[in-house]
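This report describes how two protein chains meet and how a ligand is held. The structure is shown first, and the description follows.

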Amino acid sequence: MMHFEYHVEGGNFTKAGAASSQLKKILKQLNVDPKIIKRIVVALYEAEVNIVAHAFEGDIFIDIDTEKIGIKLVDQGPGIADIELAMQKGYSTASPSVREMGFGAGMGLPNIKNNSDELKITSQVNIGTTVELVTYLNQ
Amino acid sequence: METGNFHHALKIREDLCIGCSHCMNVCPTEAIRVRNGKSVLFGDRCVDCGECFRVCPVSAIIIDHDDFNHIFDYKYRVALVPAVFTGQFPEDISLRQIHSVMLELGFTHIYEVENGVEILSKAINDYTEKHSENKPLISSFCPAIIRLIQVKFPSLVDNIIRLKPPLDISAHFLKKELLTMGIPAEEIGIFYVTPCAAKIAAIKDPVGESTSPIAGVINMDFLFNKVYRKVKQQNGQSCAIPVSGKLSGKATCWSLTNGEASQISGRCLAIDEIHNVIEFLEKIENEEITDIDFLELRACDESCAGGVLTTSNRFLSVERLRNHADSYHESDEPTHPDAFRKITSESEYLTSKISIEPIKPRSILKLDENMAEAMKKMEKVNRIMQLLPMVDCGICGAPSCQSLAQDIAQGEGGIQQCIFIQKILEQKGEMSLDDSVEVMQSIWGFGKTNKYRDIKGI
Ligand SMILES: Nc1ncnc2c1ncn2[C@@H]1O[C@H](COP(=O)(O)OP(=O)(O)OP(=O)(O)O)[C@@H](O)[C@H]1O
Ligand SMILES: [Mg+2]
């Protein structure tokens, strides 16, 4: 069992993707199947960018064992009022400046769902959002 | 560390190596360590990019090519030359002069590699249409890039386009042409003039193909010197007529940066220089960059014009080749009776031979095959990293603190190799001065650690 933590700054797009790059490096070293690595990294990247784009700051907690990889992202931010709506493809509240950076297609959450085996989102408006995802390694 | 069964054209000559570690510090895959005062290359990590060759101050890194006289083992001696070879010569020396000198040197035929582009460019466009599931598709042109993806980006091996580069296509064409003329196979020797080490490795140990029709390889710098000297000596006296047609503009520029990307339909990007390529592939792997159809990736800055075996300045070579490309007219095509036919007259045959087998990943990153073992080793690496100074000084004989930590976790190094650790151990009385000098000698050899006897006199 291994544990890693990363901090994410809201609004800093130059650093977005740092945690997913780190996790990718770790999983390569652990000889995880490249196809599974790809799924995990894509899911984490989207979740990480969501903190950068929509929240103030957040922390990522990653637990790895030989069976599964669990990732929990906890942020302080506006929260999501209607999670079901947010999960829909194409739904986005991204600001024009975020869209200018190439984000805001409303595809992040659907992508996370497609690339993880379990996904749980809990949120409180004006407090923050917690995204938990699990990927199984031996299926 | 395992040396692997991969052919490498790059060799370190122990008799010449002075253990300066310049090569170790520039290797993009951390494939070099210093042991006993000499650089040691780990074959499973090396991708033959040649960065080490560029920086060696004493030419101790060599690129193993075939003896020139080997061409005379064959009755028909074909020089297969890439366009960048022509780009090595000053403008006032014509292609005719170059070719006639090469014939004098002993070749019987000369053929330009990029003729194969006429077959390949169509094949790539067909391929990209059919394989949209593996986007971005990555060019198979540069063998150092293929190896880089195998060892460092194993998840991207399926993105590599499974088509032969122009070199192989032209070689198959030549062989067929000569066989059709009634020449027995054993009398045909096709020799490739290479701008880099990676191409040699690819020919001697082809990735995704079992055999190569190429008999041998000659280093471009070697042939350039031989030809240029002779051209200078005879002031353009003899002028044989080249027996292959002039390359089209597209073919001439194929090996330069954007040579491929500019010819493929869809959203295409060209990236040269291996560190730039690594940076970009990291993003592709994370899917941070999407919607690209085709990627042209080259290990050398300015692509083949910057090959490690080129002589001329790469920017001047590019300028010359672009000038050649601009001056191309369809009507220039010679109709010499001995000329090879147009390569497109064998389109069907060559297209049938154009595929390569799937390319297998061979990750150098994994700490162990078994995940539980790999996790133990990673924890060990992390514990060691806490102790190391993180200055990447290289005194331990490894290129970075991280690589030393990994070597130790793999049982290929000791923590006492770190000079900071040594000092602390000495201070605590846990290591004697003699022992620490011995460790230094095991890394840097006797010479470097034994010459400072009279420091006071300086
Ligand atoms: N961590 C978060 N905090 C607050 N709101 C969020 C968070 N994550 C998602 N949202 C809300 O959910 C919407 C949909 O998210 P999703 O990731 O699917 O799309 P997006 O981020 O707007 O665009 P894209 O991910 O395609 O660049 C967002 O526009 C935002 O309103
Ligand atoms: Mg998003």
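In this predicted model, chain B and chain A bury about 2,000 Å² between them, and 59% of that area lies on carbon and sulfur atoms. The size of an interface is often given as the accessible area lost when the parts come together. On the side of chain B, the residues that lose the most area to chain A are Asn286(B), Met371(B) and Met378(B), which together account for 31% of what that side buries. Counted by residues, the contact draws 24 from chain B and 23 from chain A.

Polar and charged pairs also link the two chains. Eight residue pairs are in polar contact between chain B and chain A, with both residues at pLDDT 80 or more. Three salt bridges are found across the interface of chain B and chain A. One of the salt bridges joins Lys24(A) to Glu285(B), where the closest N and O atoms are 2.8 Å apart.

Several helices of chain B build its side of the interface. Helix H11 (274-285), helix H14 (371-387) and helix H15 (401-409) of chain B each supply at least two residues of the side that touches chain A. The largest share comes from H14(B), with seven residues. By class, the side of chain B that touches chain A consists of nine nonpolar, five polar and 10 charged residues.

The second topic is the surroundings of ligand 1. Of the 21 residues around this ligand, those that come nearest are His54(A), Ser92(A), Thr93(A), Gly104(A) and Met107(A). For His54(A), Gly104(A) and Met107(A), the table gives the distance from an atom of the residue to an oxygen atom of ligand 1.

| Residue | Atom of the residue | Distance to an oxygen atom of ligand 1 |
|---|---|---|
| His54(A) | side-chain N or O atom | 2.8 Å |
| Gly104(A) | backbone N or O atom | 2.6 Å |
| Met107(A) | polar backbone atom | 2.8 Å |

Taken alone, ligand 1 exposes 600 Å², and the protein buries 93% of that area. The shell around ligand 1 has 10 nonpolar, nine polar and two charged residues. Two helices of chain A, helix H2 (34-54) and helix H5 (108-114), each contribute at least two residues to this shell. His54(A), which is among the residues that come nearest to ligand 1, provides its contact through the side chain, whereas Gly104(A) provides its contact through a backbone atom.

Terms used. Residues are numbered from 1 along each chain as its sequence is written. Chains are lettered from A and ligands numbered from 1 in the order in which they are written. This is a predicted model: local features need pLDDT of at least 70, side-chain atom pairs count only at pLDDT 80 or more; totals for chains, interfaces and linings use all residues. Side-chain values use heavy atoms; hydrogens and water are left out. A residue is near a molecule or strand if one of its heavy atoms lies within 4 Å of it. A polar contact is a pair of N or O atoms within 3.5 Å; within protein, one must be able to donate a hydrogen and the other to accept it, and residues adjacent in sequence count only if both atoms are side-chain atoms. Accessible areas come from the Shrake-Rupley method with a 1.4 Å probe; for residues, only the protein chains shown count as cover. Helices (H or I, at least four residues) and strands (E, at least two) are DSSP runs, numbered from the N terminus. Ala, Val, Leu, Ile, Met, Phe, Trp, Tyr, Cys and Pro count as nonpolar, Asp, Glu, Lys and Arg as charged, and the others, Gly among them, as polar. Contact means heavy atoms within 4.5 Å. Buried area is the accessible area (1.4 Å probe) that two parts lose on being put together, summed over both. A salt bridge is a side-chain nitrogen of Lys or Arg within 4 Å of a carboxyl oxygen of Asp or Glu.
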